[in-house]
Amino acid sequence: MAAPSSLSRSDSASTLRTVAVVGLGTMGSGIAEILARAGREVVGIDTSPQAAARAVASLETSTARSVAKGKLTEPERALVLGRLRTSGDLADAAPADLVIEVAPESYDLKQRIFRALDGIVRPDAILATGTNALSVTRLAADSARPERVLGLHFFNPAPAMKLVEVVSSVLTAPGAVAAVTDLAVELGKEPVKVGDRPGFVADGLLFGYLNQAAAMYESRYASREDIDAAMRFGCGLPMGPLALLDLIGVDTARTVLDAMYQESRDRLHAPAPILRQLSDAGLNGRKSGRGFYTYEAPGSATVVPDALTPRHDADAGSGRPVRSVGVAGSGTMASGIAEVFAKAGYDVVIAARSEEKAAAARARIGKSLARSVDKGRMTAEAAARTLDRITPAGTYDAFADVDLAVEAVAEDLEVKRQLFAALDKVCKPGAVLATTTSSLPVVACARATSRPQDVIGMHFFNPAPAMKLVEVVRTVLTGDDVHATVHEVCARIRKHPVDCGDRAGFIVNALLFPYLNNAVRMVQEHYATLDDIDAAMKLGGGYPMGPFELLDVVGLDVSLAIQKVLHGEFRDPGLAPAPLLEHLVAAGCLGRKTGRGFREYARR
């Protein structure tokens, strides 16, 4: 245990003037750059002279760009460059007020470094590990100064990413946590204080989602391209999960998930076998030139075609002709879908249970088109032509001549089955019948008809005019020409189709809602706050919304229903709805639509 004097020193960011960074890989080099730019004296330590040289070269290049952009003067650049010196000897960390270890994810290696540092640095120095997978408590317990050991988890690329997770163990002194938290703020970062468990907040949520995506691909449920496109276009994520695994490193993901599983014993964290297969083969993603995708060269971000790259011309010209479309329903989704088809030049019949409801849906479309005109997205003439293509009807008999009928009624299986039975009687032979369900079995709708080969899922996302994705859900009974027809229609309405089978959640909801459910569990277990979790996923994962913002927008009742469907189909205990989610729904706290969900909202 460290001497009592090690705790008498006043901890603050201002006392952390000299920082040693141990490990000068991509992350270590980025951290060294941030510190040097922020006026700290930095000692970069790596046993590889090549790594040290690359760190210096990286700083020279980035600061030169800053000068070219007018963000730094040449004298300021010289000062920044002068603050970084490199070494191959850990003993050169002796003058450091703070040491940040960014070595590879290995307990043995990190423990050796921390034990060596115990005999090198001052008793009052703070030792931080940059691990994103290993136990900070375990590393601290092996140190002679456990109260001075904590986690400081930056995100890649460190100079650009705003989030820093400050990880304390039960042994960490509050003063040490406060000092590095203040330092993170001075570095222009947004620190989130979290406890010690594998993955912390951002990676704890992210890697479970990535693991599920890998398992989905391994089961051949959907192609790698469709899984990635679904999450980019359906959720607004900057990268798809499999491309992100390649960027992170398949071997790193496997290590993180192994650590998470050892802690949680949750099957959702047990690494998908394909991660082991790829990492054992050395196919670790971009850094090796091949992972889930194949790259131009090791380290390149450019994907090149390989044996698994799909050929997009396979079904060209094999679909049925579609000139007119019927949309069943009068709600927001039905109106949006009708607008999409009319904009693409199709004649559209929108039918509801009464003429008044259908007319109201058409009027809603008119208002949407008017907003597009006001924003300069279309001309008044084009808006008028679009609205003229839409005919409201109070009976489904109006679908007698449509080539494609799209159902967008309530998410209730019996309601949908009754509607498909009615469409079967009304629609002409050869018409394609599509359901927009997000969670119900498409084949159950198909079996309500005498032509199950003509039935398919077309899952649009809300708001339909803005969202580019359509999940094309093929049942075991769907005809090849029906599948080809929907792909051709998606091309004409300028949507991105992704193929998936008829199972709960399809692609997007099957990956999205377990992630949201896990976020609820974090709050339920008092591991982190709503605000910290939302900030972690937006700043560390590049998500457009945090999980609790999104839950309140989607509706907690809708989220609970989808989670129950997933749990019911896959029977995985890890998919059981979080009790806190169930309690909020039972209390009528459904999100923005009721004025209260995870947060409270002003009533409109």
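**Exercise 1. Place valine 473 in the fold and state whether it is buried or exposed.**

Valine 473 lies in strand β15, which spans residues 469-474; strands (E, at least two residues) and helices (H or I, at least four) are DSSP runs, numbered from the N terminus. This is a predicted model, in which local features need pLDDT of at least 70 and side-chain atom pairs count only at pLDDT 80 or more, while totals for chains, interfaces and linings use all residues. Residues are numbered from 1 along each chain as its sequence is written, and side-chain values use heavy atoms, with hydrogens and water left out.

The next step is accessibility: valine 473 has a relative accessible area of 1%, and it is therefore buried (under 20% relative accessible area, with exposed over 50% and partly exposed in between, for a 1.4 Å probe and protein chains only). Leaving aside neighbours within four places in sequence, valine 473 is in contact (heavy atoms within 4.5 Å) with Val442, Ile456, Gly457, Cys500, Gly501, Asp502 and Phe506.

**Exercise 2. Describe how helices α1 and α2 pack, and find which residues make the contact.**

Begin with the geometry: α1 (residues 26-37) and α2 (residues 49-68) pack at an angle of about 50 degrees, with their axes 10 Å apart. Axes here are lines fitted to C-alpha atoms, for helices over the stretch in contact, and angles run from 0 to 180 degrees between N-to-C directions. The angle makes α1 oblique to α2, since angles under 35 degrees count as roughly parallel, over 145 as roughly antiparallel, 65 to 115 as roughly perpendicular and the rest as oblique.

Then list the residues: α1 contributes Ser29, Glu33, Ala36 and Arg37, and α2 contributes Ala55, Ser58, Leu59, Ser62, Thr63 and Ser66.

Finally, follow one of these residues: serine 66, in helix α2, is buried, with a relative accessible area of 9%. Not counting residues up to four places away in sequence, serine 66 touches Arg37, Lys71 and Leu72.

**Exercise 3. Find which residues of helix α11 are buried, and where they lie around its axis.**

In α11 (residues 273-280), the buried residues are Ile274, Leu275, Leu278 and Ser279. They cover an arc of only 130 degrees around the axis, so they lie on the same side of α11; the arc is that of the directions from the helix axis to the C-beta atoms.

These buried residues pack against α7 (202-218), α9 (241-248) and α10 (250-264). Just after α11, glycine 282 takes a positive phi of about 80 degrees.
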